[in-house]
Amino acid sequence: MPQRFKTPNENIVYEQFDKDLVILNLESGQYFGVNEAGAAVWLNLMDGGAPDDIAPTGMAALVAGFIEQLLGFGLIEADAAPPTAHALEITTAPTIEVFDDLSDLIIADPIHDVDIEAGWPTMPEQD
Amino acid sequence: MGTGTGLTDRHDVGAATLGRVTRRVLDQFDDLWSDMPEACSVTASVARIHCRSDVPGYAANVARTLANTGHPSDPDIRLLVIDCDRDGRPGFCWTDRHFNERAIEAATYEQPLRVHYYSPKRFWQIYDRANRIGIQFSHGAEGLPDWDSGSPLRNFLHWGLGSGDTGLIHAGTLAHGKSGVILAGAGGSGKSGTVLSGVMRGLMTVGDDYVLADFRGGLKLRPLFRSMKQDPGGLARIGIEPAQGRTNWQNKVQFLIDDLNSEAFVDEITPRAILLPRISGDGRSRISPGSAQQAFLALAPSGVSQIHGDRRSTVALAGRVARSLPCWHLSLGTDPAEVTRTIRRFLTDGAP
């Protein structure tokens, strides 16, 4: 049965440039470079499609593997809603590269611990 | 506790109650506004900012540091800056075990409310986008974040001036006439030194750290702050000897662009390209093609780390700017005058 996917939360954002795509995980600080075929698969997923089900002949396994990578990176999760049909035309393997060289910048906003008794929130003392 | 509305009440808040409690405090805005002793009104490109404060000198610094130029077309914004240590004001108290700014951001994204909390200074900013009012709570004479003096009210400006077509970007700018470039890159890339050198040698700017990108009627860059900062070594390279003891928390000297060149600060630039500077150590500067992805990755991460509470908008704006302009790498030569000549030639003659 075709499976639909979605981004797990608002921390996953993406922007398209020409035919390629950059995905940012604002929580982990990682960013991902996706090639043209991967961008087509990603946008198909974001439109509610099930691209591994409609991939061109010979591409289904590559698309399925790509989706497994997206799941592994935490960029998508299963969506219970039924998929919608969108055409997918790719002629090369979808690929994704992960980078973390900007993570210090992207995640410069940590979760703060707080001390209720202090009246105002404070950082906890270091052990 | 936590049921009052005035500044003398302690406002207990957690993730589940933040919206309600914050709304209750913002509902008191007009009463609080009338009690504030210091006031200033300045133009931040497309809107008038009215600030009142009981933090000594705060309004004066806002008046000095904000661009105070432009043609306001958007409704006015009113901002209150409150010292919670005065008169025993306890202010907000976060009662959950953790403060997760991203979770708060996600919960308020579809609402008019924006919130920023900087725990080391117990510093809060809350803003109502619908009514264009905001309150900043700090804590005593040392209660402001280190970067606040150079770019006061920065988050409020992003929240207040930001729309689908406008928002703050973290970048430097230079222009020849009205035609300019965006300089994007992380700290240490040479961005500020390049702006500084250009300003000293007759190029124009709308700012170094944070500028307003405005897509209404075609992309324009507009100024928000007159301040710049540079390390003493960078100043020395262009022939400026800073006074001793004037460095900030980054060991950088903070000053106004007007101090360097009173003609350099303009109220609008039409950007023609994004330049990604990089200190090369080579004798001559070189300009080579870059990509929109590279421009995006130079703009977006530093933007989301420095402009709080609205990161999806910041990322989307960075993407739109990156798609709108050609991108070039600028390998910086060692001679600041030669770097400025290279940029001037790029602006007058086009890409190499």
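**Figure 1. Chain A combines 4 helices and 7 strands.** The model shown here is predicted. From the N terminus on, the elements of chain A follow the order β-β-β-β-α-α-α-β-β-α-β. Chain A has 127 residues, and 38% of them count as buried. Many contacts link distant parts of the sequence: among contacts in chain A with a separation of 6 or more, 64% join residues 24 or more positions apart.

**Figure 2. Strands β2(A) and β3(A) form a hairpin.** Strand β2 covers residues 12-17 of chain A, and strand β3 covers residues 20-25. The two run antiparallel and are joined by 6 bridges. One residue pair to find is A:Q16 and A:L21: A:L21, in β3(A), is the bridge partner of A:Q16. Between the two strands lie 2 residues. In this turn, A:D18 has a positive phi of about 55°.

**Figure 3. An open sheet in chain B holds 3 strands.** Their order is β11-β14-β15, with antiparallel pairing. β11 (166-170) and β15 (220-223) of chain B each have a single partner strand, so they stand at the edges and one side of each is left without a neighbour in the sheet. Direction ignored, neighbouring strands of this sheet are turned by 40° against each other on average.

**Figure 4. Strands β14 and β15 of chain B pair over 4 bridges.** β14(B) spans residues 210-214 and pairs with β15(B) in the antiparallel sense. Which residue stands opposite B:L221 of β15(B)? The residue is B:A213. In a regular strand, side chains alternate between the two faces of the sheet.

**Figure 5. Helices α5 and α10 of chain B both meet strands β11 and β14.** Helix α5, residues 154-161 of chain B, packs on the sheet and touches β11 and β14 of chain B. The direction of α5(B) makes about 145° with that of β11(B). Helix α10 consists of residues 311-324 of chain B. This helix lies across β11 and β14 of chain B and runs at about 85° to β11(B).

**Figure 6. Confidence varies along chain B.** The mean pLDDT of chain B is 87. A pLDDT of 70 or more is reached by 94% of the residues of chain B. At the start of chain B, over residues 1-5, pLDDT stays under 50. For this stretch the model has 10 contacts beyond four places in sequence. The scores of the model are ipTM 0.78 and pTM 0.86.

Methods. Residues are numbered from 1 along each chain as its sequence is written. Chains are lettered from A and ligands numbered from 1 in the order in which they are written. This is a predicted model: local features need pLDDT of at least 70, side-chain atom pairs count only at pLDDT 80 or more; totals for chains, interfaces and linings use all residues. pLDDT is the predictor's confidence in each residue, from 0 to 100. Two residues are in contact if their C-beta atoms, placed from the backbone, lie within 7 Å. Two strands pair if DSSP finds at least two bridges between them. Axes are lines fitted to C-alpha atoms, for helices over the stretch in contact, and angles run from 0 to 180 degrees between N-to-C directions. A residue is buried if 20 or more other C-beta atoms lie within 10 Å of its own, exposed if 12 or fewer, and partly exposed in between; C-beta atoms are placed from the backbone.
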